[in-house]
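This briefing covers a few local features of one chain. The sequence and the model are shown first, followed by notes grouped by topic.

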Amino acid sequence: MNDVVTHFQRGTFEERYWLPAHEKRRESALFKSNKKLLRDDCGAPCWICGATEDLEVHHVFEWAFWNALDRRKVTDILKAIEFYDSDYTALAKDTDRLRQVLAELGKKKPLLTSPDDARNLVVLCREHHRLKLTGIHTVSFPLWLAIAAVPIKDAVLTREQLMLAVSRVSALDQELAAYSANHYTPA
Ligand SMILES: [Zn+2]
């Protein structure tokens with residue numbers, strides 16, 4: 001039996017970092033063509049939830065950090081995480097094409113030379129990309145990974161529970177405010 005029962009936890013974190021000198025952010029021709037290839041031509045769904053609507057394309061290694069990174073380490077880490085494993089690629093509308101493109105890329109360019117390389121891109125729905133409390137840009141990596149690994153069926157916790165739904169937090173805040181208004185008199 002577990003010692004600790006399922007419970008709700010709320011936290012904040014702050015991060016501080018330097019960015020190397022980099023070019024002004026722009027959508028490169030390579031990014032545009034890879035976005036079209038992965039999302040539109042191959043029909044890759046959201047990597048987290050499998051959604052097929054409202055899809056955006058995310059850089060795993062951020063564009064702004066690129067000049068400070070070791071290409072070999074980047075390549076190795078992407079291989080280790082294996083965003084394009086057989087389970088995920090099976091979900092694409094054109095699985096064969098997606099697998100073929102990535103296999104050819106690996107042969108032609110063993111090391112990544114651009115953040116816009118398809119292997120550094122992953123398709124995410126808007127919710128799991130940028131939205132507050134659920135997007136990869138707004139939650140910590142450990143939490144985001146846990147969301148990705150929740151089973152689709154018979155889960156102990158749902159994705160929504162792990163994602164710290166905004167509605168849940170605001171409901172709690174309202175309850176606490178109401179409780180405090182009814183039980184305490186201002187000093
Ligand atoms: Zn999603």
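Leaving aside neighbours within four places in sequence, His 22 is in contact with Ala 64, Trp 66 and Asn 67. The model is predicted, and the points below are computed from it.

**His 22**
- His 22 sits in the segment that precedes helix H1 (29-41).
- His 22 counts as partly exposed because 14 C-beta neighbours fall inside 10 Å, while a buried residue would need 20 or more and an exposed one would have 12 or fewer.
- Between the C-alpha atoms of His 22 and Gly 106 the separation is 26 Å, and these two residues are 84 residues apart along the chain.

**Largest nonpolar core**
- The largest nonpolar core holds 19 residues.
- The members that touch the most other members are Leu 38, Ala 44, Cys 46, Trp 47, Val 123 and Leu 124.
- Two elements, strand E1 (55-59) and strand E2 (121-125), give two or more residues to this core.
- E2 provides the largest share of this core, with 5 residues.
- With neighbours within four places in sequence left aside, the contacts of Leu 38 are Ala 44, Val 57, Ala 118, Leu 121 and Val 123.
- In soluble globular proteins, nonpolar side chains tend to be buried together.

**Helix H2**
- Helix H2 spans residues 71-81 and is hardly covered, with 1 buried residue among its 11 residues.
- After H2 comes Glu 82, which has a positive phi, near 50°.

How values were computed
Residues numbered from 1 in each chain as written. Predicted model: local features only at pLDDT ≥ 70, side-chain atom pairs only at ≥ 80, totals over all residues. Core = buried A, V, L, I, M, F, W, Y, C linked by C-beta atoms within 7 Å. Helix = DSSP H or I, 4+ residues; strand = E, 2+ residues; numbered from the N terminus. Contact = placed C-beta atoms within 7 Å.
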